[in-house]
Amino acid sequence: MSKKMSLKLALLLSLAAGAKAYGSNADIPLANTDIGNQAYVSYYTEANVQKYLQSNIVITRVNSVYNLTLAPNRETTITRGNTAVFNHTLTNTGNIIDSYELRHSYQNRTVKVYLDANNNGVLESGETELVAVDGKYTVNNLAPGARVSLLVTVATLDGDNLLGVSGDIYSKSKGNQDLPEVSVSEKIYFLTGGNAIVYKALNKSSGTSENDTEVTVTLKIANDDPKSENIAQAFKLSDTLAGDFKYVLGSAKWKSFNGIDTVLTDDDDGLETDNDTQNTESIKYSYDAETKKINFELPGGIPGDNPLNRPNGYLEFKVVVPAKTPVKLIPNKADYSFTPTGGNFTSRSSNTVNYEVLKYVKATFEGHHIATGQAGETLRFVNKFTNIANASERYSIALSDEFFPTGTTFRLAMESKENGSLVERPILDTNGDGNIDTGLVLPSTDTVDNSVNVILYATLPTNMSAPGSNYKVVKNATSTYTPTYIVKANDTVGTVTVTTVDLTNNFSLSEQPTTAPGIGLGPERNPVTQINLNPGATGSFVLHVNNTSSYVQDQYTLEVSTKADFSDMTLPAGVAVKFKQGGGAEVTRTGVILPNGSQRIDAEVTVASTATAAVVPLYFRVTSLTTGARDIKYDSLSINAIRSVQIIPNLTGETYAGGSIVYTHQVKNNGNVLEGDGIASSVTLRTTESIAQWRTELFLDVNKNGIFEVGTDIPFVDFATIGGLKAGEQVTIFSKVYAPTGAVAGTTNVTTITPNVTQGTYSTVPTVTSATDSTKVLAEKLAITKQQRLSPTGTWTYNVQNANPGDKIYYKIQVKNNGNDDARTVQVKDTVPFYTTIIYGGASGVEPPRYEVMTAAGAVVTSGSIVNPPLSGERGELSVTVDSLAPGNYVNMYFAVKINSGSSAAN
């Protein structure tokens, strides 16, 4: 066989890992990624009540950065006249998709470049050759962080200088032509008299460790000298397995150069029995379990004319990667020696193969059942969350399927071990994605418990009515690495003991125990009964007040409002409601109703002749004079109209300076024509604020579940985007109101949300109503703010900054006592943001994390370094505790982080 007909491979250095998606290293930020999180402070008031405050979020937006690496330099030893094959890895270390041009420096040689499809360093059938255009080869559209394995083949000649052949491979970014070229060197050495080559390969290069994974290791043994008499003599090989590889006993076999399989024994028992009757040479093989070392010998050597591309001549055995092996690269290579015919003793190493243990996500989330609760009680649900995967992971936490009494308020917290004790803290958004999360939770093992507790506080309303039983709220923990992976914990309550009343329409519960309209705790999502009246007409709702307590007689006040929360008791102009009992006498409350009894009340509605067209929600409320039991029933009055667009209700709420609150509104077309499709008419929403620097964002309830969900519910202004509003159609809109960091405690901002309806193709002018969100700023003794800058001498700012991977961000967190007395045990905490690591000391030029306590006049009370910060180059929590902070004094905490940048290429 001609020497030039076969491809001789000799890769002596490690193979590059396969092409990877950028997401395999979630710590490196893509272009336009937002980096930021919140700090928080806890303290005790004079009444010994512990309180928590969160800071504003400061955002650093990552710029688009182009960068690349080409690695490593390669050397190989072959017999002259054969073709050398080199393996290199091209990596996009930028944060944006890029393409690259390659070229080489070889002169008057046949050079080809291939994409190594299976990343094994062997040129095989079907692999794609890159065709040079004007001497340049192109690799297109490499994702950020992705890497591709390249094979470069270089033909040598029988007459080449025995000192060898060398060349360089260059690569350049097409996205940023100003970046300099990067290069690797290639060196070909020649050997005569027999050239032993060992090529190591795995049948799989990566996998998760969710279960034990078996990997087949192959050591291809070859001699690329074309003369069979040029024997690589006294061949010996040793392979010490990496600690994360478990050898499979009895799995070794040898396929001789003649293609005969021999099963090998693991014991060091001398010569093996060779099934190849044509082979006069011996085989020696053993495995030492203590040192994890494999020894293999061919005392007769390797005959020439046995190139790597021949199917025979390999040693094979199996290893297992145990379940729960942490994310890592497991490198492995073999060492071997031989003596060329007529030459000197030679020792070498095979290529290094890397088995990559990939990250997987797996967790458990335990539910909590509470048997009974009472009105006004704060129930504490403790849900143990355990990361049982092979790497740290953060899970965002959200509530869903909230089947709890109306008026229940929820608060989430985290409980984890700190210095051996369980410590509770607020649950925060630790990676700046807008969702509260667990923070990075270390994996737990059979011997190490790194679980955390997610705490849910559910405060039941003091005036609950008709609570029912079997309450449930679901906690969803969603992996930020694999967003499709969700674990759930159910928090349930069996029964709640309260007195109840139920307000129904048309029938009492004694008449229709299960189907009376309006049965159950209200207000309902939709009107139970709607009456349509022309201006000047009168109609009635037939109400039945049902005392559903079995043991208490009760009496109830009668009220009506257009607001579900009864924040406004004034009915629209031209609409009047009177409650009448028996023979028509007007009343404001019921008579005494016996247990399980009921009383009929007629709600007479009169519409003035001048009333404007509208759909008027009428919330009827009955409230116990003694127990506070209450029910609200939602009915509606439609004053006949041609065109009317309505947004309800007006809402009130409270938040802190720098905080936000979400209100839920319904926008309804009360007319009888299509509105807002962009053709017949246009309907958009606009907001105005009564105080400068407040702002409001509007969102559409995409999945129509009435729950605001970040990432699901989209920003919304124009109804044409959903095809407009059909007659009578109602959609839910969320308004998220943001209070500025410096908002004054006690002030109330009024956000007005107004539909803008054009006349369009219709002949009549439309009627619209606005909704208001009144948000009061709560007073806090302490105020916490967070600022940033991108240089040690820059100006501190709350604004969005733009930076590159590798840049530093400097943070300043300030907590000030605005009260009139001392705040005790003030603890300021922050975490290193996702996509960054903390940096200080050494050659970084950054001082260690520190704090200072200042007087109102700016004099230093005390200062020092932060105790036990994360090590430089890592993530973690920073904490400062001040025993007492006097009125007017403030605490500053400082630290710096470095934005993660692309890693280097494979070895």
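Let's start with one pair: lysine 359 and glutamate 393 form a salt bridge, with their closest N and O atoms 2.9 Å apart. Lysine 359 sits in the loop between strand S28 (353-358) and strand S29 (363-365), while glutamate 393 sits in the loop between strand S31 (378-387) and strand S32 (395-403), so this salt bridge ties together parts that are 34 residues apart in sequence. Keep in mind that you are looking at a predicted model. Across the structure there are 26 salt bridges, and here is a short tour of some of them.

**The pair of lysine 359 and glutamate 393**
- Lysine 359 is buried, and its relative accessible area is 18%.
- Glutamate 393 is buried too, with a value of 4%.
- Both count as buried because the cut-off for that word is under 20% relative accessible area.

**The pair of arginine 695 and glutamate 697**
- In this salt bridge, the closest N and O atoms of arginine 695 and glutamate 697 are 2.8 Å apart.
- Arginine 695 is partly exposed, at 42% relative accessible area.
- Glutamate 697 also counts as partly exposed, with a relative accessibility of 30%.

**The pair of arginine 850 and glutamate 852**
- Here the side chains of arginine 850 and glutamate 852 meet in a salt bridge, at 3.4 Å from N to O.
- Glutamate 852 is buried, with 13% relative accessibility.
- Its partner, arginine 850, is partly exposed at 26%.

**A network of salt bridges**
- Lys253, Lys255, Asp261 and Glu316 are joined into one network by salt bridges that share partners.

How values were computed:
Residues numbered from 1 in each chain as written. Predicted model: local features only at pLDDT ≥ 70, side-chain atom pairs only at ≥ 80, totals over all residues. Heavy atoms only, no water. Salt bridge = Lys/Arg side-chain N within 4 Å of Asp/Glu carboxyl O. Helix = DSSP H or I, 4+ residues; strand = E, 2+ residues; numbered from the N terminus. Buried < 20%, exposed > 50% of the residue type's maximum accessible area, 1.4 Å probe, protein only.
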